[in-house]
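Subject: Structure handover

Hello,

Here is the structure I promised to pass on to you. Please open it alongside this email, and my notes on what turned up follow just below.

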Amino acid sequence: MGSIEMRPKVVLVEDETDISEALGYSLRAEGYDVLIADEGYRGLDLIKRNRPRIAILDIMLPGIDGFEICRRVRADIATKDIPIIMLTAKDEQTDIVLGLGLGADDYITKPFSTAQLLARLRAVLGRGKLASDDENPDYAEVGELIVDKERYEATFRGRRLGLTATEFRILLAMALRPDCVFRRDELLNSSVGEGVFVIDRNIDVHMRSIRKKLGCHKLITTIRGVGYRLESSEAAARQA
Ligand code: CA
């Protein structure tokens, strides 16, 4: 308590020391207080004792694996709200779905750059503020995609998309957190308001329409069984 600002704690559970050392270094440089465990039980213990601002969990670990840590963190009332990012093997769709199903907030596939992880970290930490107005949520620019609420206009590669009000809100929410997985219910929450009512399954219908208007099907990835993600790399990629 008091006016001294504490460095936000991050618990990193990773048994590959190359990765944990490099990440630990980068996260400390970003101002985080990093606690590292190279084994599952110790990782869970660190989380329970320190209640970090965020936990980053590898999946394959000695002791208990990242899924089990996630499950136990979510089952404990003292730790259940701690944001979790899972580190998954390359394109292991089942890992991703299982992790998010257990309540992880996001995932990043190996190999990843430190910059990617830091971006994901900021996205997850900022997500709780999605509904508030304290970080300029009226304008988002991702590569060549621009979503401007002030002008109520979305453009991609300089072309106006002509979105409906609901489609606009969904795309704005995603563009504010590129490369971040949105569950359907999150998109639902972001698009409700100002007299618009959307029911869950309609998100898929809206998404189909948004993709059609974008004219680029790689820009929004479907995460089967979970939701959607806007790809910043595709938004930035120049068409040949
Ligand atoms: Ca591992």
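**Overall picture**

Of the contacts in the chain with a separation of 6 or more, 57% are between residues 24 or more positions apart. Please keep in mind as you read that this is a predicted model. The chain has 240 residues, and buried ones make up 49% of them. Its secondary structure comes to nine helices and twelve strands.

**Strand β4 and its neighbours**

I would start with β4, which covers residues 84-88. How many of its five residues are buried? Five of the five are, so the strand is largely enclosed by the rest of the structure. The cut-off behind this is a relative accessible area under 20%. If you look along the strand, Ile-84, Met-86 and Thr-88 point one way, while Ile-85 and Leu-87 point the other way, and all are buried.

On the β3 side, β4 pairs with residues 54-58 in the parallel sense, over four bridges. You can find the register from Ile-56, whose bridge partner in β4 is Ile-85. Between these two strands the chain passes through helix α3 (residues 66-75), and the resulting β-α-β crossover is right-handed.

β4 also pairs with β5 (residues 106-109): the two run parallel and are joined by four bridges. Here the pair to look for is Leu-87 with its bridge partner in β5, Ile-108.

**The calcium ion**

Which protein atoms serve as donors to the calcium ion? They are OD of Asp-15, OD of Asp-58 and the O of Met-60, lying 2.1 to 2.3 Å from the ion. Along the sequence, the spacing of the donor residues reads D-x42-D-x1-M. Two of these residues have quite distinct surroundings. Asp-58 has a relative accessible area of 5%, so it is buried, because the limit for that class is under 20%. Met-60, with a relative accessible area of 66%, is exposed.

**The β10-β12-β11 sheet**

Further along the chain there is an open sheet of three strands, in the order β10-β12-β11, with antiparallel pairing. β10 (181-183) and β11 (220-223) are the edge strands, each pairing on one side only. From one strand to the next, the twist averages 30°. β10 and β12 (residues 227-230) run antiparallel and are joined by three bridges. Within that pair, Arg-183 stands opposite Gly-227 of β12.

Helix α6 (residues 165-176) packs on this sheet, where it touches β10, β11 and β12, and its direction makes about 60° with that of β12. Helix α8 (residues 202-214) lies across β11 and β12 and runs at about 150° to β11.

**How α6 meets α8**

These two helices also pack on each other. Their axes are 10 Å apart, at an angle of about 80°. That makes α6 roughly perpendicular to α8, because angles of 65 to 115 degrees are counted that way. From α6, the residues at the contact are Thr-166, Glu-167, Ile-170, Leu-171 and Met-174. They meet Ile-203, His-206, Met-207, Ser-209, Ile-210 and Lys-213 of α8.

That is everything from my side, and I hope you enjoy looking through it.

Best wishes

Conventions. Residues numbered from 1 in each chain as written. Predicted model: local features only at pLDDT ≥ 70, side-chain atom pairs only at ≥ 80, totals over all residues. Heavy atoms only, no water. Buried < 20%, exposed > 50% of the residue type's maximum accessible area, 1.4 Å probe, protein only. Pairing = 2+ DSSP bridges. Right-handed = clockwise from strand over helix to strand, strands pointing away. Axes fitted to C-alpha atoms, helices over the stretch in contact; angles between N-to-C directions. Contact = heavy atoms within 4.5 Å. Donors = N, O, S within 2.8 Å, 3.2 Å for Na, K, Ca; no water. Parallel < 35°, antiparallel > 145°, perpendicular 65-115°, else oblique.
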